Amino acid sequence: MALLSKKDANLILDPLADNNPITIQVLGICSALAITAELKASLVMAISVIFVMGVGNVVISLLRNIIPSKIRIIVQLIVVATLVIIVDQVLKAFAYELSKTLAVFVGLIITNCIIMGRFEAFALGNGLWRSFLDGIGNALGYGVILIIVGFFRELLGSGTLFGIPVLGDPIAKTGLYSTGYENNGFMIIPPAALIVVGVIIWVQRSRNRALIEEN
Amino acid sequence: MLEHVELFFKSIFIDNMVFAVFLGMCSYLAVSKKVSTAVGLGAAVIFVLGVTVPLNWLLDQYLLQEGALTWLGEEYASYDLSFLSFILFIATIATMVQLVEIVVEKFSPSLYNSLGIFLPLIAVNCAILGGSLFMQAREIPSLGLAVNYGISSGIGWFLAILAIAAIREKIRYSKVPPPLRGLGITFIITGLMGIGFQSFGGMLTGGDEAAAEEQAVEVPATQQVEATPETYAPEADKTTTNPEDQTTKAAAEAGEAVSYNDLVKS
């Protein structure tokens with residue numbers, strides 16, 4: 001017997017492509033853009049969100065029959081805030097430099113709409129295991145976009161990946177730079193992230209025409 | 001006085017919530033299909049930011065920072081509770097939003113009808129929590145400046161959502177490639193607007209003479225193009241925030257008055 005039934009596997013696979021939280025559901029864009037100038041920061045952010053969403057969805061799913069519906073938003077916020085504090089403290093302890101780069105954006109995971117959106121749409125109405133899978137799946141879908149954006153922005157903007165030069169040395173003019181190639185400083189500034197995501201949406205919807213919006 | 005003016009313009013244009021730090025993008029994209037709804041949400045954001053940033057500033061100063069508990073007694077002076085700031089800030093915001101909703105519903109049903117649906121959305125708008133977190137990270141020194149910061153970053157967000165809503169209303173008549181329709185083109189336009197807003201970067205940092213002059217010419221022009229109906233907002237707010245740097249209570253009231261004006265106008 002397979003580890004996951006087909007229905008359960010879809011919970012993880014759907015958000016990776018055709019139901020991606022960022023490009024289709026329009027959730028969680030805020031933090032997705034600000035920290036993607038470097039691949040490393042994108043990766044750490046993706047892992048943090050996977051942790052918060054997986055655990056958070058399980059907690060909300062366990063509490064779903066106890067929470068009075070009127071105050072559920074506050075309860076959800078408190079659950080997420082607690083998890084985010086854990087992430088923040090761990091980052092400060094083990095990756096201090098990185099936590100400086102991410103700055104307030106770790107805190108902003110609390111108001112990341114993916115998390116609230118999935119709590120509302122899924123964890124409040126489904127069992128523990130399925131909620132867990134849904135959380136992980138959506139966080140992975142979010143992480144994938146983050147990493148794609150981070151990859152292109154760091155590669156084109158600074159010619160490095162994870163801080164390691166891959167295109168040669170821009171000052172000594174080695175590698176690709178010897179042919180006259182220059183880093184595109186435009187990719188480093190924040191608005192470039194929006195344009196990269198716009199292009200990702202363009203590519204995705206050209207490949208899958210069913211996703212095209214009316215207007 | 002001068003620092004108020006500086007902070008005001010800095011948070012509207014240079015550190016614009018949407019274009020410089022991408023806060024509140026979710027509601028920015030979801031609620032910007034029509035200008036009228038965008039104005040409603042924008043006004044609500046100005047109001048909530050204007051209330052929650054000063055409140056969280058007080059929390060930060062007298063409860064969370066290292067040594068903030070000194071007023072309780074000498075033995076508490078070494079306590080540092082700043083790791084609790086996320087949870088306290090978000091609790092303040094959620095409570096305030098709920099409170100504002102109840103008060104508005106009670107005293108101004110018409111305002112509630114136009115604003116009501118947006119208020120729950122605001123609790124999870126990253127711009128609100130972001131405002132408080134940036135206030136903490138930038139170590140804003142006084143309550144007056146915190147009020148100013150809250151309101152002016154709200155105005156920045158308001159301008160951004162108004163501009164994109166106006167563009168999206170017009171873009172319906174343009175021939176956009178089908179895969180880019182809707183979300184895709186909105187992203188790219190926002191990116192281009194963000195690049196435009198980058199040009200405000202040199203506005204207050206000084207720079208060399210020529211660059212400063214260029215900026216000074218550029219600012220009013222862009223403002224007119226992007227936000228013609230809204231130019232009253234920064235001006236109205238400037239006049240109210242200026243005389244208030246000493247009396248902090250008056251500042252809070254003035255802040256509310258400004259956002260109520262915006263609401264009524266909308």
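These legends go with a set of close-up views of a predicted model.

**View 1. Chain A as a whole, before zooming in.** Chain A has nine helices and two strands. Read from the N terminus, the order is α-α-α-α-α-α-α-α-β-β-α, with the two strands sitting just ahead of the last helix. Put a box around the C-alpha atoms along the principal axes and you get roughly 65 × 45 × 40 Å. Of the 215 residues in this chain, 49% count as buried. Take the contacts between residues at least 6 apart in sequence, and 74% of them join residues at least 24 apart.

**View 2. Spans of chain A that UniProt labels "transmembrane region".** The label comes from an unreviewed UniProt entry, which lists residues 43–63, 75–95, 101–119, 131–152 and 185–203 of chain A. Two of these spans are picked out here. Residues 43–63 of chain A are 100% helix and 0% strand, with end C-alpha atoms 30 Å apart. Residues 75–95 of chain A come out at 95% helix and 0% strand, and their end C-alpha atoms are also 30 Å apart.

**View 3. A:Ser48 and its contacts.** A:Ser48 is part of helix 3 of chain A, which runs over residues 39–63. Its relative accessibility is 7%, and the cut-off for buried is under 20%, so A:Ser48 counts as buried. Skip the neighbours within four places in sequence, and the residues A:Ser48 touches are A:Val87 and A:Ile109.

**View 4. A:Gln89 on helix 4 of chain A.** Look for A:Gln89 in helix 4, residues 72–94 of chain A. With a relative accessible area of 33%, A:Gln89 is partly exposed. Also marked is A:Gly56, 33 residues away along the chain; its C-alpha atom and that of A:Gln89 are separated by 17 Å.

**View 5. Two neighbouring phenylalanines in chain A.** Searching the whole structure turns up eight aromatic pairs over all chains. In the one shown here, the ring centres of A:Phe151 and A:Phe152 are 5.3 Å apart and the planes stand at 80 degrees, so this pair is edge-to-face. Neither ring belongs to a buried residue: A:Phe151 is partly exposed at 32% relative accessibility, and A:Phe152 is partly exposed too, at 39%.

**View 6. An aromatic pair in chain B that links distant parts of the sequence.** B:Phe19 and B:Phe197 make a tilted pair, 4.6 Å centre to centre with 35 degrees between the planes. B:Phe19 comes from the loop between helix 1 (2–14) and helix 2 (25–30) of chain B, while B:Phe197 comes from helix 9 (residues 183–198) of chain B, so the pair ties together parts 178 residues apart in sequence. Both B:Phe19 and B:Phe197 are buried. Zoom out a little and the two belong to one aromatic cluster, made up of B:Phe8, B:Phe9, B:Phe13, B:Phe19, B:Phe197 and B:Phe200.

**View 7. Helix 3 crossing helix 7 in chain B.** Two packed helices are described by the angle between their axes and the distance between the axes. For helix 3 (residues 35–64) and helix 7 (residues 126–137) of chain B, the axes come within 9 Å and cross at roughly 35 degrees. The crossing of these two chain B helices is right-handed. On the helix 3 side of the contact you'll find B:Val45, B:Val48, B:Leu49, B:Thr52, B:Val53, B:Asn56, B:Trp57 and B:Asp60. Facing them from helix 7 are B:Ala127, B:Ile128, B:Gly131, B:Ser132, B:Met135 and B:Gln136. Sorted by class, the contact between helix 3 and helix 7 of chain B has eight nonpolar, five polar and one charged residues.

**View 8. B:Val147 and B:Thr52.** B:Val147 sits in helix 8 of chain B, residues 143–171. At 2% relative accessibility, B:Val147 counts as buried. B:Thr52 is 95 residues away along the chain, yet the C-alpha atoms of B:Val147 and B:Thr52 are separated by 8.8 Å. B:Thr52 is also one of the helix 3 residues that meet helix 7 in chain B.

**View 9. Spans of chain B with the UniProt label.** For chain B, the "transmembrane region" annotation (unreviewed entry) covers residues 12–31, 38–59, 79–104, 111–134, 146–167 and 179–200. Residues 12–31 of chain B are 45% helix and 0% strand, with end C-alpha atoms 20 Å apart. Residues 38–59 of chain B are 100% helix and 0% strand, and there the end C-alpha atoms lie 31 Å apart.

Methods:
Residues are numbered from 1 along each chain as its sequence is written. Chains are lettered from A and ligands numbered from 1 in the order in which they are written. This is a predicted model: local features need pLDDT of at least 70, side-chain atom pairs count only at pLDDT 80 or more; totals for chains, interfaces and linings use all residues. Side-chain values use heavy atoms; hydrogens and water are left out. Rings of Phe, Tyr and Trp (its six-membered ring) pair if their centres lie within 6.5 Å; planes under 30 degrees apart count as stacked, over 60 as edge-to-face and the rest as tilted. Buried means under 20% relative accessible area, exposed over 50%, partly exposed in between (1.4 Å probe, protein chains only). Helices (H or I, at least four residues) and strands (E, at least two) are DSSP runs, numbered from the N terminus. Axes are lines fitted to C-alpha atoms, for helices over the stretch in contact, and angles run from 0 to 180 degrees between N-to-C directions. A crossing is left-handed if the near helix is turned anticlockwise from the far one by less than a right angle, and right-handed if clockwise. Contact means heavy atoms within 4.5 Å. Ala, Val, Leu, Ile, Met, Phe, Trp, Tyr, Cys and Pro count as nonpolar, Asp, Glu, Lys and Arg as charged, and the others, Gly among them, as polar. UniProt positions are given in the numbering used here, feature names are shortened, and annotations may be inferred rather than shown by experiment.
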